[in-house]
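Colleague: Can you take me through this one by its labels? I'd like to hear what each term is set against.

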Amino acid sequence: MIIEEIMQTDVFFLAPTNTVKDALEVMREKKIRHLPIVDDNEKVVGIITAHDLKNILPSSLNKDINLTTYDTPLEKIMVKDPLIGHPLDFIEEIALTLYESKISCMPIVSGGKLVGIVTSTDLLYTYIELTGANKPSSKIDIRVSDKPGILSDVMEIFKNHHANVLSVLVYPSVQNNDTKIISVRVQIMNPLPIIEDLRKESFNVLWPNLPGVER
């Protein structure tokens, strides 16, 4: 999946000459936390977040409130030359960049102009949708040997039950380097018949962890 499929295209932005007060008003009115800063040529030159504004605004408990802070041009406090993405970038690449750079959003640029924005919240919601966690379903975790063809063997059992598989995640087991965990989300509310057949084939079902069953 590419960023173009999930990015927000109705992007609110301000100019470097706009003020802190302007940014606060836009964020409050539009209920957003990130504002790209764009010059006269529609080029992204900076970004302002709600966290940035919180750090520079005086506390409401401070009797000596400096009102000139609200008149400060954004160009003086914005993060300049922020990391940017392209609509055709892969979602996992952008997610990794946000994680490694410890940032919460990324302007998306095409042809040198701002065309969208993606936030960590967008990526989290996309993950939820991709895994099917937002749908009525059951999750089954299975520890298996790390060998070719094992995923196909597991999925054959789900196929025999005519189960609608919403997502499959495969990740290393922390307990044993020779095993991995297959996490299957299936659109069925009673997974017990599937679990029974998995165990008949000697697969180690970790979740649901039924009482009295060895793990």
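Modeller: Let's start with pairing: two strands pair if DSSP finds at least two bridges between them. Strands themselves are DSSP E runs of at least two residues, helices are H or I runs of at least four, and both are numbered from the N terminus. Also, this is a predicted model, where local features need pLDDT of at least 70 and side-chain atom pairs count only at pLDDT 80 or more, while totals for chains, interfaces and linings use all residues. Residues are numbered from 1 along each chain as its sequence is written, and side-chain values use heavy atoms, leaving out hydrogens and water.

Colleague: What makes strand 7 and strand 8 a pair, and which way do they run?

Modeller: DSSP finds seven bridges between strand 7 and strand 8 (residues 179–186), and the two run antiparallel. The rule asks for at least two bridges, so they count as paired. V170 faces I182 of strand 8, and a six-residue hairpin connection leads from strand 7 to strand 8.

Colleague: How many bridges hold strand 2 to strand 3?

Modeller: Two bridges link strand 2 (residues 44–49) with strand 3, again antiparallel. Two satisfies "at least two", so that is a pair as well. I47 has V79 of strand 3 as its bridge partner. These belong to an open sheet of three strands, ordered 1-2-3 with antiparallel pairing. Strand 1 (34–38) and strand 3 (79–80) are its edge strands, since each pairs on one side only.

Colleague: What about strand 4 and strand 5: how many bridges there, and which way do they run?

Modeller: Six bridges, antiparallel, with strand 5 covering residues 113–119. P107 sits opposite I117 in strand 5. The two strands make a hairpin with two residues between them, and G111 in that turn has a positive phi of about 65°.

Colleague: Why is strand 4 called mostly covered?

Modeller: Buried means under 20% relative accessible area, exposed means over 50%, and partly exposed is in between (1.4 Å probe, protein chains only). In strand 4 (residues 105–110), five of the six residues are buried.

Colleague: How do you know that E29 and K30 form a salt bridge?

Modeller: The term needs a side-chain nitrogen of Lys or Arg within 4 Å of a carboxyl oxygen of Asp or Glu. For E29 and K30 the N to O distance is 3.6 Å, so the pair passes the cut-off. E29 is exposed at 60% relative accessibility, whereas K30 is partly exposed at 35%. The structure has four salt bridges.

Colleague: Is D141, in the K139 pair, buried or exposed?

Modeller: D141 is buried, at 9% relative accessible area. Its partner K139 is partly exposed at 30%, and the closest N and O atoms of that salt bridge are 2.7 Å apart.

Colleague: And what does the D146 and K180 pair tie together?

Modeller: Their side chains meet at 3.4 Å, N to O. D146 lies in the loop between strand 6 (138–145) and helix 5 (150–160) while K180 is in strand 8, so the bridge ties parts 34 residues apart in sequence. D146 is partly exposed, with 47% relative accessible area.

Colleague: What makes L124, Y127, L169 and Y171 a nonpolar patch?

Modeller: Patch members need over 30% relative accessible area and no salt bridge; nonpolar side chains (Val, Leu, Ile, Met, Phe, Trp, Tyr) are joined within 5 Å, like charges within 9 Å. L124 is exposed at 53% and Y127 partly exposed at 46%, so both values clear the 30% mark. Together the four residues have about 390 Å² of accessible area, by the Shrake-Rupley method, with only the protein chains shown counting as cover. Helix 4 (120–131) and strand 7 (165–172) each supply at least two of the patch residues; L124 is in helix 4, and Y127 is there too.

Colleague: Where do the domains run?

Modeller: Domain 1 spans 3–127 and domain 2 spans 134–205, with bounds from an automatic or database domain assignment. Their centres, over C-alpha atoms, are 41 Å apart.

Colleague: Which residues does UniProt list for "domain: CBS"?

Modeller: The unreviewed UniProt entry lists residues 7–65 and 78–137. Such annotations may be inferred rather than shown by experiment; positions follow the numbering used here and feature names are shortened. In the model, residues 78–137 are 38% helix and 25% strand, with end C-alpha atoms 44 Å apart.

How values were computed
Areas by Shrake-Rupley, 256 points an atom, 1.4 Å probe, with all protein chains shown as cover.
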